[in-house]
Amino acid sequence: MLFKNCKTYFAFLTFLVWTVSVCARPTSAEWQPQLPLELGSHRGNRNVSIELFMELEELARIVDISYCVGSTGIQKPFACVSRCSEFDGFELVTTWNTGPLLSDSCGYIVLSHPPSEPRIIVAFRGTYSITNTIVDLSTVPQEYIPYPGGNATSLDSLASRDRLHSASSSQNDDFPNVSEDPPCNNCTVHSGFYSSWLHTKPHVLPHLKTLIAEHPAYKLTLVGHSLGGAVAAIGALEMQSRGWKPQVTTFGEPRVGNKALMQYIDQRFDLGGLEEPHGSQPSRSKSGTRSSFRRVTHVDDPVPLLPLREWGYRMHAGEVYISKKPLSPTPTDLQHCFGDEDPACIASAESSDTDTEFAAALGALLLSSDSAADEPLDAQADIDSKADAGTEMDTELKARGLIPSRFKLWELFFAHRDYFWRLGLCVPGGDPHDWYRKYPHLGDGDGD
């Protein structure tokens, strides 16, 4: 066995990520997080309303149901062993599962009828496999060309594309207003996430085209967790170009592309971003309306900080930050963030001040844990044993005041799943840790 115990495994994996990041880091000051303009003038406007809190909590449960796809399943009209019974008026349209050989994309489409808010909901599941997650985050980028360029499917015929670029036809059923869309200059996208969307769109777009025509008053709502958040972000750009104007919410969304692509997302969804003007509101569009893209992050979740900034990846605006580590958060534990990389939110974990000390301590821990092990690693050890080993290493390094959040890969089992509820298990009532938790309805006061 290469590693004698789980503690050694996590130490080595974390050390490897740190080493790659340092080798790739520019020597200039350019790698430091760019501060949004006039940040000081916004500090009194970070509070999250109870209405937004309740909306995000509901969406967390909706995306949690997506983990039933590929396991016990979701049945019509809307039934599953998880939280389906909590949503009156939901009507299942379809589910999809591309399988691990086609980027492991899963999810479902549901109609939300009254008494629920009228919506067409597309829920994108994250990946079950921790190994796939790490591999996904290490894939090299590729050029991003906005829809419809270089991205045709059966829904987008070559004939339609030829007509689109002719002077006589600037608009048709498949390409509403697409000729007016701005270019995305010098944009690159994570090739693994982009591939996931390309494998997903044939399962999603034909249904959405029909549903939008049949229910024009229903709001198109996208929600995704983890890898599903990345797929939702990329898919949302195409849906925006189609004129469908989706409302997007992601939980634990990784970085999907470079700075140019993040600025393009900011522009397309009117988020402000790095060039946020003085006096604008966080997580709202520059026009002052409700934000069309909310990117929810959680303290100590490493995934929003991956792939690494040193590899050329950046975050986009629209962040809502959960600052409380354990479940369950309250409205006061959430805050709006400013610009693409607000140093008061998840981007604060990217400070390099302790990198040298961290590397030395981690290296020493790796050697000591390996030499102290007296039993081989059980190949059948479950997630809990790995998590316990990671927590032990976390405790030792925390005692020395070290361990940046972006290197806490064991938090994939904890902080990365802890968005209002512990996401990712399709069992009755969700994760058993959540069975005794509850959230208030509007006007009820605080939950237990």
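This short talk describes the disulfides in the structure shown above.

Good morning. Please keep in mind that this is a predicted model. My topic is the cysteines, and I shall go through the bonded pairs before turning to burial.

How many disulfides does the count come to? The count comes to four disulfides. If we number the bonded cysteines along the chain, the pattern of pairing reads 1-8, 2-3, 4-5, 6-7. I shall discuss three of these links in detail.

Let us begin with Cys68 and Cys426. These two residues are joined by a disulfide, with an S to S distance of 1.9 Å. This pair links distant parts of the chain, as its partners lie 358 residues apart. Where does each partner sit? Cys68 belongs to the loop between helix H2 (50–65) and strand E1 (90–97), while Cys426 lies in the segment after strand E12 (421–422). The link of Cys68 and Cys426 is right-handed, with 90 degrees about the S-S bond.

The second link is that of Cys80 and Cys84. Their sulfur atoms are 2.1 Å apart, and the two residues form a disulfide. Why is this disulfide called right-handed? The torsion about the S-S bond of Cys80 and Cys84 is about 115 degrees, and the disulfide is therefore right-handed.

The third link joins Cys184 to Cys187, where the sulfur atoms are 1.8 Å apart. Which hand does this link have? The link of Cys184 and Cys187 is left-handed, with -90 degrees about the S-S bond.

I now turn to the surroundings of these cysteines. Are they buried or exposed? To answer, we need one cut-off: a residue is buried when its relative accessible area is under 20%.

Consider Cys80. Its relative accessibility is 19%, so Cys80 counts as buried. Its partner Cys84 has a relative accessible area of 2% and is therefore buried.

In the pair that links distant parts of the chain, Cys68 is buried because its relative accessible area is 0%. Cys426, with a relative accessible area of 11%, is buried as well.

For the left-handed link, Cys184 has a relative accessibility of 9% and so counts as buried. Cys187 counts as buried because its relative accessibility is 3%.

One further cysteine deserves mention. Cys106 has a relative accessible area of 1%, and is therefore buried.

To close, I return to the pairing. The count comes to four disulfides, and the pattern along the chain is 1-8, 2-3, 4-5, 6-7. Thank you for your attention.

Technical notes
Residues are numbered from 1 along each chain as its sequence is written. This is a predicted model: local features need pLDDT of at least 70, side-chain atom pairs count only at pLDDT 80 or more; totals for chains, interfaces and linings use all residues. Side-chain values use heavy atoms; hydrogens and water are left out. A disulfide is a pair of cysteine sulfur atoms within 2.5 Å. Helices (H or I, at least four residues) and strands (E, at least two) are DSSP runs, numbered from the N terminus. Buried means under 20% relative accessible area, exposed over 50%, partly exposed in between (1.4 Å probe, protein chains only).
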